[in-house]
Amino acid sequence: MPPRLSLSTVRSVAYRTKSSIPQKRFAQSTSQQRFASDDASKKQPATTEVGSNFKGATQNPMPHVSEEQAAIDKITGETPPDIEQGTPVQEILARDKEAQKNAPDVLKQDLKNKTPSGSRSYSTSARRSASTELAQFETTQAVGLEYPDAGLGHKFPLPDVSTWTKQNHLKHRYDPVLTQFTKMIMRDGKLSKAQRTMADMLDILRTSPSPQASKLVSPIPQETLSLSPLQYLTSTIDSVAPLVKVKQIKGQLGGGRSMPVPQPLHIKQRRRAAIKWILDAAERRRDVTLAERIAKEVINIAEGKSGAWDRRTLLHKMAIVNRMNIRIGSKGGRRV
């Protein structure tokens, strides 16, 4: 029979603690500390006093080749090159005989007179301004300018507005036809883009040959229309513009039928109808830019080849056929 174990009895167990190992401390001697301080002093960069005229590597760039050559020629006593101006055109033309054929008359006359080489009136590079002085002001008036009578605070004299009429306004500074045409071309409020298109279109009309047409009514000879593109455009629009329009008045004929009534048009309305016809025909063309399409359509109208003439003729015929409705339409009565 195994012996009984008594759990209530407490036995003491002897144990041995782990001995602690003392840490070794290495103390530097006086000589070692002195050597360490000497090494630290050697690693620090030496500081030198810097004067006010000291410049770094990037603060004193090398001069240009032409400036360096000019300095060398000045030291050696030779004539340094003029690095501020280019080669005169006269010297270039004197060496190039082919270029003299296409040179302007002013330069040809200058070559005949044998202008000295020192005068650079026609230099290939821009000349620097001779006067670098700024304008001086006394209160609100500029002093020392070329226009002393300009007035207070103005460089140029102001226009005399006493002779102006009431019709002189800022919005009337352009031709009325040009303004109306530009506003009809404009899309999404981009007026500057429409103005550039009009400028390109007028330039195409200026460089195109004069039209040979009998339908065009212009105050100047047709042979010289290309010299005045604005007059060219105005004559074309006024010639193809309709005189009347046919308005459909609903319910005047009974049974819900409309009655066509011719009505006269003002000059601005006539031009608007003609410009609309030109723009509609220009949209159907296959040219690259809008200016080219409009310009070619204007040229076709001036030469009598455009369909705008047929639209004008058809509109006038319809107005003549329905001219009897003018009296009824003006009274507002109903036709029985």
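The paragraphs below go through a predicted model of one chain, from the whole down to a few helices and single residues.

The chain has 336 residues, and 24% of them are buried. Its secondary structure comes to 12 helices and four strands. Contacts can link residues that lie far apart in the sequence. Taking the contacts in the chain with a separation of 6 or more, 52% are between residues 24 or more positions apart.

A good place to begin is helix H8, which runs over residues 229-240. H8 has 12 residues, and the distance from its first C-alpha to its last is 17 Å, close to the 16 Å expected at 1.5 Å a residue. Nine of these 12 residues are buried, so H8 is largely enclosed by the rest of the structure. A residue counts as buried when its relative accessible area is under 20%. In H8 the buried residues are Pro229, Tyr232, Leu233, Thr234, Ser235, Thr236, Ile237, Ser239 and Val240. What covers them includes five helices: H6 (176-185), H7 (191-207), H9 (267-283), H10 (290-302) and H11 (308-321).

Two of these covering helices, H6 and H7, also meet each other. Two packed helices are described by the angle between their axes and the distance between the axes. For H6 and H7, the axes come within 9 Å and cross at roughly 120°. That angle makes H6 oblique to H7. The crossing of H6 past H7 is right-handed. On the H6 side, the contact is made by Leu178, Phe181, Thr182, Lys183 and Ile185, and on the H7 side by Leu191, Ala194, Gln195, Met198 and Leu202. Sorted by class, the residues in this contact are seven nonpolar, two polar and one charged.

Between H6 and H7 there is a loop, and aspartate 188 is in it. Aspartate 188 has a relative accessible area of 73% and is therefore exposed. Its phi is near 60°, which is a positive value in a residue other than glycine.

Threonine 197, by contrast, is found within helix H7. Its relative accessibility is 14%, so threonine 197 counts as buried. Apart from residues up to four places away in sequence, threonine 197 touches Leu290 and Ala291. Ala291 is one of the buried residues of H10, so the next step is to that helix.

H10 has 13 residues and reaches 18 Å from its first C-alpha to its last, close to the 18 Å expected at 1.5 Å a residue. The buried residues of H10 are Ala291, Arg293, Ile294, Ala295, Glu297, Val298, Ile299, Ile301 and Ala302. They pack against H6, H7, H8, H9 and H11. After H10 comes glycine 304, with a positive phi near 80°.

The end of this path is in the loop between H7 and H8, where alanine 213 is found. Alanine 213 is buried, with a relative accessible area of 13%. Which residues does alanine 213 contact, leaving aside its neighbours within four places in sequence? They are Gln222, Ala302, Glu303 and Gly304. Ala302 also appears among the buried residues of H10, and Gly304 is the glycine with positive phi that follows H10. Alanine 213 and alanine 302 are 89 residues apart in sequence, but their C-alpha atoms are 6.3 Å apart in space.

Methods:
Residues are numbered from 1 along each chain as its sequence is written. This is a predicted model: local features need pLDDT of at least 70, side-chain atom pairs count only at pLDDT 80 or more; totals for chains, interfaces and linings use all residues. Side-chain values use heavy atoms; hydrogens and water are left out. Helices (H or I, at least four residues) and strands (E, at least two) are DSSP runs, numbered from the N terminus. The expected span of a helix is 1.5 Å times one less than its number of residues. Buried means under 20% relative accessible area, exposed over 50%, partly exposed in between (1.4 Å probe, protein chains only). Contact means heavy atoms within 4.5 Å. Axes are lines fitted to C-alpha atoms, for helices over the stretch in contact, and angles run from 0 to 180 degrees between N-to-C directions. Angles under 35 degrees count as roughly parallel, over 145 as roughly antiparallel, 65 to 115 as roughly perpendicular and the rest as oblique. A crossing is left-handed if the near helix is turned anticlockwise from the far one by less than a right angle, and right-handed if clockwise. Ala, Val, Leu, Ile, Met, Phe, Trp, Tyr, Cys and Pro count as nonpolar, Asp, Glu, Lys and Arg as charged, and the others, Gly among them, as polar.
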